[in-house]
Amino acid sequence: MSTNGFVKPVPTEEEQAKIEEVRKLLGTLPEKLSSFCSDDAVLRYLRARNWHVKKATKMLKETLKWRVQYKPEEICWEEVAGEAETGKIYRSTCVDKLGRPVLIMRPSVENSKSVKGQIRYLVYCMENAVQNLPPGEEQMVWMIDFHGYSLANVSLRTTKETAHVLQEHYPERLAFAVLYNPPKFFEPFWKVARPFLEPKTRNKVKFVYSDDPNTKQIMDENFDMDKMESAFGGNDDSGFNINIHSERMKEDDKKRLAALEVLTLALRMSLKTSIINLRQRDQSRDRVIQCL
């Protein structure tokens, strides 16, 4: 059991067998990529593809290829800080009752017209949320605040790109998403956006309205409302502060980059050891040949 009270399920024999099948199909991977192929990671891809081994393997291979090219773990705060100024996406100081990180999203305060920049910042926020997952947990929560949202904020292109990145490269990372006070005109947009989402993802979306006691209960069941932002009906009036948030992200960057340096050093040592072993093997072979 982890510190948040979450009991991590142990894979069944059948699930473990499928994990091993995926590993065989993946073949030998560089050590850096192997860190993204833990049993938990493989399980997420298997679940996302309904336990179809070949489809899960293909999906995971695509993510590994994307990680090599896009290098999401190397994105730093300074690169995306401009995208963050309005608080359109950020990791809240509040967590849910299982200790899972909460990403706050406010589409009405979008401050960029660059889809590329928006996606880059989204990936940074996802990596940061994953970095802050409690032990034994694989998922996070999204809170989408529709205050001030208008038709001018609707972008099917951004929605499509966002859905692609999240579903293809962060499968099964979403515990649930709260859509808070979406306006009436959002309903037809939701009908258009739904096909871009996997059925499992669609089922995790919860609509909450501040004037509806039945939906507000969703908030009480999942969060400590004394720590939840007042914008979502909670008692925390602190709100988003870019300076405070910036310092939090810089600290997280330091921890992540330090971990990357340790991994890089370990890879270098491993490579050096392999080279030494190969040389020793070649020298031994040469001695045997000379004796013959």
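Here is a short walk through this structure, starting with the overall make-up and ending with one helix seen from several sides.

Keep in mind that what you're looking at is a predicted model. The protein holds 11 helices and 5 strands. Of its 292 residues, 40% count as buried. Take the contacts with a separation of 6 or more: 77% of them come from residues 24 or more positions apart.

Let's begin with the strands. In general, strands of a sheet pair through backbone hydrogen bonds, and they can do so either parallel or antiparallel. Here, 5 strands make an open sheet, lined up in the order 1-2-3-4-5, and the pairing is mixed. At the edges you'll find strand 1 (89-95) and strand 5 (205-208), each of which pairs on one side only. On average, neighbouring strands of this sheet are turned by 25° against each other, ignoring direction.

Now look at the end of the sheet where strand 5 sits. Strand 4, residues 174-180, pairs with strand 5 in the parallel sense, over 4 bridges. If you want a spot to aim for, find Y180, which stands opposite V208 in strand 5. Helix 10 (residues 213-222) packs on the sheet here, touching strand 3 (140-145), strand 4 and strand 5. The direction of helix 10 makes about 115° with that of strand 5.

Next, head back to helix 1, residues 13-26. Its 14 residues reach 20 Å from the first C-alpha to the last, close to the 20 Å expected at 1.5 Å a residue. Which residues of helix 1 are buried? They are K18, I19, V22 and L26. These four lie on the same side of helix 1, because they cover an arc of only 105° around the axis. The spacing fits a general rule: an α-helix has 3.6 residues a turn, so residues three or four places apart point the same way. Flip to the other side of helix 1 and you'll see E13, E14 and K24, which are exposed. Just past the helix, G27 takes a positive phi of about 75°.

So what covers those buried residues of helix 1? The cover includes helix 3 (39-48) and helix 4 (53-70). Helix 1 and helix 3 pack at an angle of about 95°, with their axes 10 Å apart. That angle falls between 65 and 115 degrees, so helix 1 and helix 3 are roughly perpendicular to each other. On the helix 1 side, the contact is made by E15, Q16, K18, I19, V22 and R23, while helix 3 brings D39, V42, L43 and L46. Notice that K18, I19 and V22 turn up again here, having already appeared among the buried residues of helix 1.

Notes:
Residues numbered from 1 in each chain as written. Predicted model: local features only at pLDDT ≥ 70, side-chain atom pairs only at ≥ 80, totals over all residues. Heavy atoms only, no water. Pairing = 2+ DSSP bridges. Helix = DSSP H or I, 4+ residues; strand = E, 2+ residues; numbered from the N terminus. Axes fitted to C-alpha atoms, helices over the stretch in contact; angles between N-to-C directions. Contact = heavy atoms within 4.5 Å. Expected span 1.5 Å × (residues − 1). Buried < 20%, exposed > 50% of the residue type's maximum accessible area, 1.4 Å probe, protein only. Arc of directions from axis to C-beta. Parallel < 35°, antiparallel > 145°, perpendicular 65-115°, else oblique.
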